[in-house]
Amino acid sequence: MPAYKPEDAAMTAPARPKLYSVEDAKNLDVQTVKELFTSHINPGQVHFLKLLGFDKILVDRAEGMHYITKDGRKILDFFGGFCSVAFGHNHPRIVAARQKFQDENRHEICMAFMSQYASALAANLAAISPGDLDMVFLGSTGSEAMEAALKVAEQAQGPAKSKILHAANSFHGKTKGVLSVTDSQLYQSQFKLVENRVKVPFGDIEAVRQALESDPSIGIVVMETIQGGGGIVEAPLGFWRELRALCDKHGVLWVADEVQCGLGRTGQFFAFERDGVVPDVTALAKALGGSKAAMGAMIARRELYMKAYGKPKTALIHAQATFGGMGEACISAIEGLNVLYEEDLMGNAQRQGDYLIARLNELRLKHPSLLKEIRGRGLMIGVEFNDISETMPFGLKHMVALLDDKLKGSLCGFVGALLLKDYDVLVAFTEYNRNVIRLEPPLIATREDCDTFIKAFDDLLSRGITRIVTDYLRKVAVAKG
């Protein structure tokens, strides 16, 4: 074999491709970003962004309740990143904690050793959680946290009780395990899913009772405490207490998905706390990283966790992944939890949510042909619009009703697009009930922010259905040139 020569490496080294620098990325214009997004991320998504006019906006920075665009517009954020931006954009205390972490060159990935930051965060979550929810698994996303939740429950229950009962219109994530209990034909697509599952209507305790009594192989019940993708839907009062009793009676483990509704959004840290019950396992994510880092957590009862993973031979079955418990993500979460209590963000969510819901119900009475229902708790609110036919004059209702299903979501789209274009207000949409707009602003929202939104929303609804539609179509026509 010929001897290796250093010059050989130089001759065979690949040419350096043209790469964007950080500054290059910062200075990209909106048209270039659209081209890159279309070419390398998701061209189909751009279609929907165009319909809403969201493809014309490029955010330069974000502060508190606002996005600030490249051209200087301040957009009021009532979207909140599907509950991810609980602390507002770039909360100064969380930013300062992260900066100090970086300045001191502290460790990020600490796989070989125990991390003081992961340990402290887990202890904080255990201290906050009610009952004996005190064993924590740290990950990066809600899907990862929910995968961990279902795995610890199944491992503890064993093969004989491994079937999962879940709810209609549920959303638990898009990774393959939790996708199986996410009730969406769109998201499930053609994927081969976990088969040991059964579905019941959300909030129907009799359906749950019948399922558990008829099928002893059901060992796990998984449900969102408040359905986000379903359109901000809550179970009837008393449901969770009855569910807890049924699970105890049949030896079934209850997994409460609090990825969206947890972390103080409803005015309490966990939404299930209102009913005075404690699940066997729960999961958090979204805002857990202080609205600055990707962080998710599964929290399980100690007895359950130890049964699943408590022996040396089982301890590594579902141990923390490479990026679970990264240093800066953990300190972002630690600081965020302290901010949550010290700045009374849970109390603020309750107060501003009550005010916002009251004002929205006033608008529902003022615009009954457009608004059907207002529902939610704290700063997790759903505004449901009527079907298009219900907004029409009496003579047209019957004919237009034939198109209601096809037109579902169109009015929400028109309103969302015009709120952004004409009022610099951003709202969220819903996966399943497309007639629902979701209001999930940061928990730092003030009365003034709520009034700004209400004023804009009222002004837009006052145009009436005909002008809302024509104004939207005019906007689309102008965008197309």
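Modeller: Two strands are taken to pair if DSSP finds at least two bridges between them. With that criterion in hand we can read this structure, bearing in mind throughout that it is a predicted model.

Biologist: How many bridges join β13 to strand β14, and in which direction do the two run?

Modeller: In general, strands of a sheet pair through backbone hydrogen bonds, either parallel or antiparallel. Here β13 and β14 (residues 380–385) run antiparallel and are joined by six bridges, and I374 has V383 of β14 as its bridge partner.

Biologist: In what order do the strands of that sheet lie, and which of them stand at the edges?

Modeller: The sheet is open and has four strands, in the order β13-β14-β17-β16, with antiparallel pairing. Because β13 (371–377) and β16 (428–429) each have a single partner strand, one side of each is left without a neighbour in the sheet.

Biologist: Which helix lies across β14, β16 and β17?

Modeller: That is helix α18 (residues 410–423), which runs at about 40 degrees to β17 (436–439).

Biologist: How should I read the packing of α18 against α19?

Modeller: Two packed helices are described by the angle between their axes and the distance between the axes. For α18 and helix α19 (residues 447–461) the angle is about 115 degrees and the axes are 10 Å apart, while the crossing is right-handed. On the α18 side the contact is made by V415, L418, L419 and Y423, and on the α19 side by F453, A456, F457, D459 and L460. Sorted by class, this contact has eight nonpolar residues, no polar ones and one charged residue.

Biologist: What is the strand order in the sheet of seven strands, and what kind of pairing does that sheet have?

Modeller: This open sheet follows the order β4-β12-β11-β10-β7-β5-β6, and its pairing is mixed. The edge positions belong to β4 (133–139) and β6 (197–200), each of which has a single partner strand, so one side of each is left without a neighbour in the sheet. From one strand to the next, the twist averages 20 degrees. A parallel pair in this sheet is strand β5 (residues 163–167) with β6, joined by four bridges, and within that pairing A167 has V200 of β6 as its bridge partner.

Biologist: Which strands does helix α8 touch, and which does α11 touch?

Modeller: Helix α8 (residues 142–157) packs on the sheet and touches β4, β5, β7 (218–224), β10 (253–257), β11 (281–284) and β12 (296–301), its direction making about 175 degrees with that of β10. Helix α11 also packs on the sheet, touching β5, β6 and β7, and its direction makes about 160 degrees with that of β7.

Biologist: Which residue of α11 meets E206 in a salt bridge?

Modeller: Side chains of opposite charge can pair when their charged atoms come close. The partner of E206 is R209, at 3.1 Å from N to O, and both residues lie in α11 (residues 205–214), three residues apart, about one turn of the helix. E206 counts as partly exposed because its relative accessibility is 38%, and R209, at 24%, is partly exposed as well. Elsewhere, salt bridges that share partners join D132, R244, D248, D280, R301 and E303 into one network.

Biologist: How many salt bridges does the count come to?

Modeller: The count comes to 38 salt bridges. Among them are E63 with R61, at 3.2 Å from N to O, and R106 with E104, at 2.9 Å.

Key. Residues numbered from 1 in each chain as written. Predicted model: local features only at pLDDT ≥ 70, side-chain atom pairs only at ≥ 80, totals over all residues. Heavy atoms only, no water. Salt bridge = Lys/Arg side-chain N within 4 Å of Asp/Glu carboxyl O. Buried < 20%, exposed > 50% of the residue type's maximum accessible area, 1.4 Å probe, protein only. Contact = heavy atoms within 4.5 Å. Axes fitted to C-alpha atoms, helices over the stretch in contact; angles between N-to-C directions. Left-handed = near helix turned anticlockwise from the far one by under 90°. Nonpolar A, V, L, I, M, F, W, Y, C, P; charged D, E, K, R; others polar.
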